[in-house]
Amino acid sequence: MRRGLAFSIVLALAAICQPVAASAGEVDVLAPAAARQAKEAPGLKTAVFAGGCFWGVEGVFSHVQGVTSVLTGYHGGTARSATYDLVSTGLTDHAEAVQVTYDPAVVRYDQLVRIFFSVVADPTLKNRQGPDEGTQYRAALVPVSEEQRLVASAYLAQMRASGIWKRPIVTGIEPLRKFYPAEAYHQDFMLKNPRHPYIQAWDVAKVRALKRRFPGFFKPGFTKG
């Protein structure tokens, strides 16, 4: 579903179901602490996450302590088709994604993954998140190093064994391809457009859940991309 259509639905039904829409957009489950912690050398690292509409994924990670930059963009596909209009067709093989730069001395990769599955993405949904449907909205972990791949693989196995999720976990690991930054108007979207109907209906709840679930990692300021 294109977000333009989602906006229309939210606006049309706002008078009668806005509270329901807000709660429906909230991914709020305390995922388990990782049994296999990331062993990362000092210095800034990057990670790529695909979790549905990149506005909300960016919004959450931009409020995490130790994160120094978050870029929205498109993972996979080709450079020629890495535009919002083309990716939104669902035919380009891209996923809307974010590239997170972080300091592992403050927040490790496994902790970012835990946050991702607690308040950003529902791992039981295939090719959709929130109101958006299509392969471009698939959730995926995209390791950029062998250590991240090992951590991601171990964590998905731990999630499946935990019994926390009642439906099968379908989120997987995608090999790193090319990350293409999105258009400028998509960067820092929640910061620039806090009253946008889509942000209010689907993404504000995610940031609130981050603050509630992980107060030690939450920072009130928004980290720009």
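Helices and strands are DSSP runs of at least four and at least two residues respectively, numbered from the N terminus. On that basis, Asn127 of this predicted model lies in the loop between helix H4 (109-120) and strand E4 (128-129). The briefing below covers an open sheet of six strands, the helix H4 that packs on it, two residues other than glycine with positive phi, and the second largest pocket, with a volume of about 180 Å³.

**The sheet and its edges**

- The six strands of the open sheet follow the order E7-E6-E1-E3-E2-E8, and their pairing is mixed.
- Strand E7 (172-173) and strand E8 (179-181) form the edges; each has a single partner strand, so one side of each has no neighbour in the sheet.
- In general, strands of a sheet pair through backbone hydrogen bonds, in either a parallel or an antiparallel arrangement.
- At the E8 edge, strand E2 (67-75) runs antiparallel to E8 and is joined to it by three bridges. Within this pairing, Tyr74 has Tyr180 of E8 as its bridge partner.
- At the other edge, E6 and E7 are parallel and share two bridges. Ala140 is paired there with Gly172 of E7.
- E1 and E6 run antiparallel and are connected by four bridges. Phe49 stands opposite Leu141 of E6.

**Strand E6 and its two faces**

- In a regular strand, side chains alternate between the two faces of the sheet.
- In E6, Ala139 and Leu141 point one way, whereas Ala140 and Val142 point the other way.
- All four of these residues are buried, which means that each has under 20% relative accessible area.

**Helix H4 and Ser118**

- Helix H4 packs on the sheet and touches strand E1 (45-51), E2, E3 and strand E6 (139-142). The direction of H4 makes about 20° with that of E1.
- Ser118 is part of helix H4. Ser118 counts as buried because its relative accessibility is 0%.
- Two polar contacts involve the side chain of Ser118. One reaches the backbone nitrogen of Ala31 at 3.0 Å; in the other, the backbone oxygen of Arg114 lies 2.9 Å from a polar atom of that side chain.
- Leaving aside neighbours within four places in sequence, Ser118 is in contact with Val27, Asp28, Val29, Leu30, Ala31 and Phe214.

**Loop residues and positive phi**

- Most residues other than glycine have a negative phi.
- Asp93 has a positive phi, near 75°. Asp93 is located in the loop between helix H3 (84-87) and strand E3 (95-102), and counts as partly exposed because its relative accessibility is 40%.
- Asn127 also has a positive phi, of about 55°. Asn127 counts as partly exposed because its relative accessibility is 25%.
- His94 lies in the loop between H3 and E3. With a relative accessibility of 1%, His94 counts as buried.
- A polar atom of the His94 side chain lies 3.1 Å from the backbone oxygen of Thr78.
- Residues up to four places away in sequence are not counted among the contacts of His94, which include Tyr74, His75, Gly76, Gly77, Thr78, Ser81 and Tyr180. Tyr74 and Tyr180 are also the bridge partners noted above for E2 and E8.

**The second largest pocket and Val207**

- Rolling a probe the size of a water molecule over the atoms shows where empty space is left.
- The second largest pocket holds about 180 Å³ of space. Its lining consists of His63, Met190, Leu191, Pro194, Ile199, Gln200, Val204, Val207, Arg208, Lys211, Phe218 and Pro220.
- Helix H6 (189-192) and helix H7 (197-213) are the elements that give two or more residues to this lining. H7 gives the most, with six residues.
- Val207, one of the lining residues, lies in helix H7. Val207 counts as buried because its relative accessibility is 12%.
- Not counting residues up to four places away in sequence, Val207 touches Gly59, Val60, His63, Met190 and Phe218. Among them, His63, Met190 and Phe218 also line the pocket.
- Val207 and Val64 are 143 residues apart in sequence, and their C-alpha atoms are 9.7 Å apart in space.

Methods
Residues are numbered from 1 along each chain as its sequence is written. This is a predicted model: local features need pLDDT of at least 70, side-chain atom pairs count only at pLDDT 80 or more; totals for chains, interfaces and linings use all residues. Side-chain values use heavy atoms; hydrogens and water are left out. Buried means under 20% relative accessible area, exposed over 50%, partly exposed in between (1.4 Å probe, protein chains only). Two strands pair if DSSP finds at least two bridges between them. Contact means heavy atoms within 4.5 Å. Axes are lines fitted to C-alpha atoms, for helices over the stretch in contact, and angles run from 0 to 180 degrees between N-to-C directions. A polar contact is a pair of N or O atoms within 3.5 Å; within protein, one must be able to donate a hydrogen and the other to accept it, and residues adjacent in sequence count only if both atoms are side-chain atoms. On a 1 Å grid over the protein atoms alone, a cavity is a set of points where a 1.4 Å probe fits but cannot get out, and a pocket is an open set with protein on both sides within 12 Å along at least five of seven lines; lining residues have an atom within 4 Å of a point. Grid points are joined across faces, edges and corners, and a volume is the space filled by probe spheres set on the points.
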